[in-house]
Amino acid sequence: MIVFISIVIPTYNRKPILEKCLYALEKQRFTDSKVNTYEIVLVDDGSTDGTLEWLNKNTNDFPHVHCFVQNHLGPASARNLGIEKAKGDIIIFIDSDLVVTKSFLQSHADALVKGEEKLGNDRLFTYGSVINTCNFNNPTAEAYKVTDFSAAFFATGNVAIARKWLEKAGLFDISFKQYGWEDLELGVRLKKLGLKLIKCPEAVGYHWHPAFNLKQIPSLINQEIERGKMGVLFYQKHPTFEVRLMIQMTLFHKVLWGILSLGGTLNENTLSPILQWFINRGKPQIALEIARIFLNWYNVKAVYKAYQDI
């Protein structure tokens, strides 16, 4: 049986890195003729950066791409549209700022087959490696780092799953309109269906983001506040201690980040000199890790405020 794979990618104003993402997907190599049929279902979520114009001018470069457009409704809605339009029985989710290797699709397909043989059933999905990088010119040159580890059960940065399980679970919840948690919330429902996570380190994706600088701080703070609000929505749907841990709505997290930030005294203003010092010395990643002290404090405060406002 020929395995048809649909790669679903939501995108919003990411044209420069999206170009690299799509070109990498068009260069896939296969060792098994049963898995060499695939499509790229790109869902533009209302981009205003010329994404569609660029794609229309370069259609011949992307024979596998089928593009669909919606108003800016968020990634949950975009992924649902992608699933609806996809032709494949296997859905692979990646983000539009991910650049994959040439063996990416073959690796996921192999892992799905081996996983089914090992488990004796098809209640599984595969999760590939995600390596974070700020190297735009050559993102795949980045080495794996300890900070790239993820304990997430189901995250849409690099995951392959049979579409029937997505449909049985009920797809993504479009009430998650702000940043965060829509994929992990679906993961809870998939876990309840008995699905198992199969790690697939050979399916490598390089997640590009610009090197950290002080100008990013306001948007990062806003992102943490949104993540806190959506975290409470996540907890309302699944009121378990496991979810409380995930969204940092515990006394431990409140005390931890309260102490580390000195009750908010270590913030974007007081820490900016040391952050800039590391940035100036070519260590933006260290600066970002230090910034997480106050970013996590913003997140915890947002979680508790959203919970009190219910």
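Ring pairs tie Tyr23, Trp54 and Phe62 into a cluster. A word on the rule: rings of Phe, Tyr and Trp (its six-membered ring) pair if their centres lie within 6.5 Å, and planes under 30 degrees apart count as stacked, over 60 as edge-to-face and the rest as tilted. This is a predicted model, where local features need pLDDT of at least 70 and side-chain atom pairs count only at pLDDT 80 or more, while totals for chains, interfaces and linings use all residues. Residues are numbered from 1 along each chain as its sequence is written, and side-chain values use heavy atoms, with hydrogens and water left out.

## Rings and charges

By that rule, the count is ten aromatic pairs. Tyr23 and Phe62 make a tilted one, with 4.7 Å centre to centre and 50° between the planes. Tyr23 sits in helix 1 and Phe62 in the loop between helix 2 (51–57) and strand 3 (65–69), so this pair ties together parts 39 residues apart in sequence. Helices (H or I, at least four residues) and strands (E, at least two) are DSSP runs, numbered from the N terminus.

Are these two rings buried or exposed? Tyr23 is partly exposed, at 29% relative accessible area, and Phe62 is buried, at 3%. The cut-offs here are under 20% relative accessible area for buried and over 50% for exposed, with partly exposed in between (1.4 Å probe, protein chains only).

Phe125 and Phe153 form an edge-to-face pair, 5.1 Å centre to centre with 90° between the planes. Phe125 belongs to strand 6 (residues 124–133) and Phe153 to the loop between strand 6 and strand 7 (158–162), so here the pair ties together parts 28 residues apart in sequence. Phe125 counts as buried, at 0% relative accessibility.

Phe153 has a charge for company too: the charged end of Lys191 sits over its ring, 4.6 Å from the centre. Lys20 lies over the face of Phe136 in a similar way, at 4.8 Å from the ring centre. For a charge to sit over a ring, NZ of Lys or CZ of Arg has to be within 6 Å of the ring centre and within 35 degrees of the ring normal.

## Salt bridges

Side chains of opposite charge can pair when their charged atoms come close. The structure holds 15 salt bridges (a side-chain nitrogen of Lys or Arg within 4 Å of a carboxyl oxygen of Asp or Glu). Here are some of them.

| Salt bridge | Closest N to O distance |
|---|---|
| Glu142 and Lys145 | 3.3 Å |
| Asp148 and Lys145 | 3.0 Å |
| Arg163 and Glu167 | 3.2 Å |

Lys145 turns up with both Glu142 and Asp148. Glu142 is partly exposed at 26% relative accessibility, Lys145 is partly exposed at 23%, and Asp148 is buried at 7%.

Arg163 and Glu167 both lie in helix 5 (residues 163–169), four residues apart, or about one turn of the helix. An α-helix has 3.6 residues a turn, so residues three or four places apart point the same way. Arg163 is buried, with a relative accessible area of 14%, while Glu167 is partly exposed at 45%. Elsewhere, salt bridges with shared partners join Asp173, Glu185, Arg189 and Lys237 into one network.

## Helix faces and surface

Back to helix 1 (residues 15–25): Ile17, Leu18, Cys21, Leu22, Ala24 and Leu25 are buried there. They cover an arc of only 160° around the axis, which puts them on the same side of helix 1. The arc is that of the directions from the helix axis to the C-beta atoms.

Helix 10 (residues 272–280) has Leu275, Phe278 and Ile279 buried. Their arc is only 105° around the axis, which puts them on the same side of helix 10. Turned away from that buried side, the other face carries the exposed residues Pro273 and Asn280.

Which residues make the nonpolar surface patch of about 310 Å²? Leu251, Val255 and Ile259 do. Leu251 lies in helix 9 (residues 251–260) and is exposed, with a relative accessible area of 63%. Patches are made of residues with over 30% relative accessible area and no salt bridge, with like charges joined within 9 Å and nonpolar side chains (Val, Leu, Ile, Met, Phe, Trp, Tyr) within 5 Å. Areas come from the Shrake-Rupley method with a 1.4 Å probe, and for residues only the protein chains shown count as cover.
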